[in-house]
Amino acid sequence: MYQLPSLPYDIDALEPVIGAETLRTHHGKHHARYVSVTNQLVGDAVSSRPLEDVIADARLRGDRKLFNNAAQAWNHAFFWLSMAPVATTPSGSLLAAIEAAFGSVAVLKEKFVATGAAQFGSGWVWLMATDGAVEVHASHDADQPWLDAGRGMPLLVCDVWEHAYYLDYKNERDRFLATWFDRLANWGFAATQFEAAVARGGRSYRYPAPV
Ligand code: MN3
């Protein structure tokens, strides 16, 4: 059985950027449902497999229902880790890569907000590293851009499904994204992912093993 990962902070720790009611529903209802449906669909026979393998295999086989639920289980777990209650800033080799790609963190923020705001309908906006270069990508529904591209590694993600921000921001997705980037983006986590991407073989995020 895949487990619903616990939030790495208190339910009200992200206020006022993300309210406790939003986080409680998002984690306890939306994310929990994706994990539950994934467990129903995979059944006991393959429940010991890493979730990453289930996602990749479902995508190859065109099992859209399993892919959507398993990838959403993974994406949300990654999203919780992409946020920190205390504002941080990028530094070191990640900051250098951001400056090489965008010129400055401020320009990256503009690109991240614009890309997330322009994603039509539901999806995600990702900061990724591909061959050591930092990029911004949007994805639709549950999609994971590195699977589509066949390479790359996610560094951070923000959920742009309406359930992520509607209670707190109504239709103002761009204001949610800008505030999220300034106040919640977890640059320590992003740095760990970036080092794993550059080191090739360093340990990147994996969904908790099924039990
Ligand atoms: Mn969500």
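This is a short dialogue about a predicted model of a protein with a manganese ion.

Student: What makes His26, His76, Asp159 and His163 donors of the manganese ion?

Tutor: Distance decides. A donor must be an N, O or S atom within 2.8 Å of the metal. Here NE2 of His26, NE2 of His76, OD of Asp159 and NE2 of His163 sit at 2.0 to 2.2 Å from the manganese ion. Therefore these atoms count as donors. Water is not among the atoms, so the site may look incomplete.

Student: Which spacing do the donors follow along the chain?

Tutor: The spacing is H-x49-H-x82-D-x3-H. His76 belongs to helix α3, residues 64-81, and His163 to the loop between β3 (153-159) and α7 (166-169), so this pair ties together parts that are 87 residues apart in sequence.

Student: Why is His76 called buried?

Tutor: Buried means under 20% relative accessible area. The value for His76 is 0%, so His76 is buried.

Student: How do you know whether Thr22 is buried or exposed?

Tutor: Use the cut-off again: under 20% is buried, over 50% is exposed. Thr22 has a relative accessible area of 3%, so Thr22 is buried. Its place is in helix α1, residues 20-42.

Student: What makes the pair Thr22 and Asp168 a polar contact?

Tutor: A polar contact needs a pair of N or O atoms within 3.5 Å, one able to donate a hydrogen and the other to accept it. The side chains of Thr22 and Asp168 make such a contact at 2.9 Å. Thr22 also touches His163, Ala164 and Leu167. His163 is one of the residues that coordinate the manganese ion.

Student: How many helices and strands are there, and which pattern do they follow?

Tutor: The protein has 9 helices and 3 strands. Along the sequence the pattern reads α-α-α-α-α-β-β-α-β-α-α-α.

Student: Why is the protein called as compact as a globular protein of that length?

Tutor: Compare two values. The radius of gyration is 16 Å, and the globule rule gives 17 Å for 211 residues. The two are close, so the description holds. The C-alpha atoms fill a box of roughly 50 × 40 × 30 Å along the principal axes.

Student: What share of the residues counts as buried, and what share of the contacts joins residues at least 24 apart?

Tutor: Of the 211 residues, 47% count as buried. Among contacts between residues at least 6 apart in sequence, 70% join residues at least 24 apart. The protein exposes about 9700 Å², with carbon and sulfur atoms supplying 52% of it.

Student: What makes a set of residues a nonpolar core?

Tutor: The residues must be buried, of a listed kind such as Ala, Leu or Trp, and joined through side-chain atoms within 4.5 Å. The largest such core has 66 residues. Trp180 and Trp187 have the most contacts inside it. Helix α3 gives the most to this core, with 10 residues. In soluble globular proteins, nonpolar side chains tend to be buried together.

Student: Which residues does Trp187 touch?

Tutor: Among them are Pro90, Leu94, Ile98, Leu108, Leu127, Leu156 and Phe181. Residues up to four places away in sequence are not counted.

Student: Why is Asp131 called exposed, but Asp141 partly exposed?

Tutor: Exposed means over 50%, and partly exposed lies between 20% and that value. Asp131 has 53%, so Asp131 is exposed. Asp141 has 27%, so Asp141 is partly exposed. Asp131 is in the loop between β1 (123-130) and β2 (133-140). Asp141 is in the loop between β2 and α6 (145-149).

Student: What phi do Asp131 and Asp141 have?

Tutor: Asp131 has a positive phi of about 50 degrees although it is not a glycine. Asp141 also has a positive phi of about 50 degrees, and is not a glycine either.

Student: How do you know that the peptide bond from Glu15 to Pro16 is cis?

Tutor: Its omega is near 0 degrees. Pro16 lies in the segment before α1.

Student: Are Ala58 and Ala149 buried or exposed?

Tutor: Ala58, in helix α2, has 0% relative accessibility and so counts as buried. Ala149, in helix α6, has 52%, so Ala149 is exposed.

How values were computed:
Residues numbered from 1 in each chain as written. Predicted model: local features only at pLDDT ≥ 70, side-chain atom pairs only at ≥ 80, totals over all residues. Heavy atoms only, no water. Donors = N, O, S within 2.8 Å, 3.2 Å for Na, K, Ca; no water. Helix = DSSP H or I, 4+ residues; strand = E, 2+ residues; numbered from the N terminus. Buried < 20%, exposed > 50% of the residue type's maximum accessible area, 1.4 Å probe, protein only. Contact = heavy atoms within 4.5 Å. Rg over C-alpha atoms; globule rule 2.2 N^0.38 Å. Areas by Shrake-Rupley, 256 points an atom, 1.4 Å probe, with all protein chains shown as cover.
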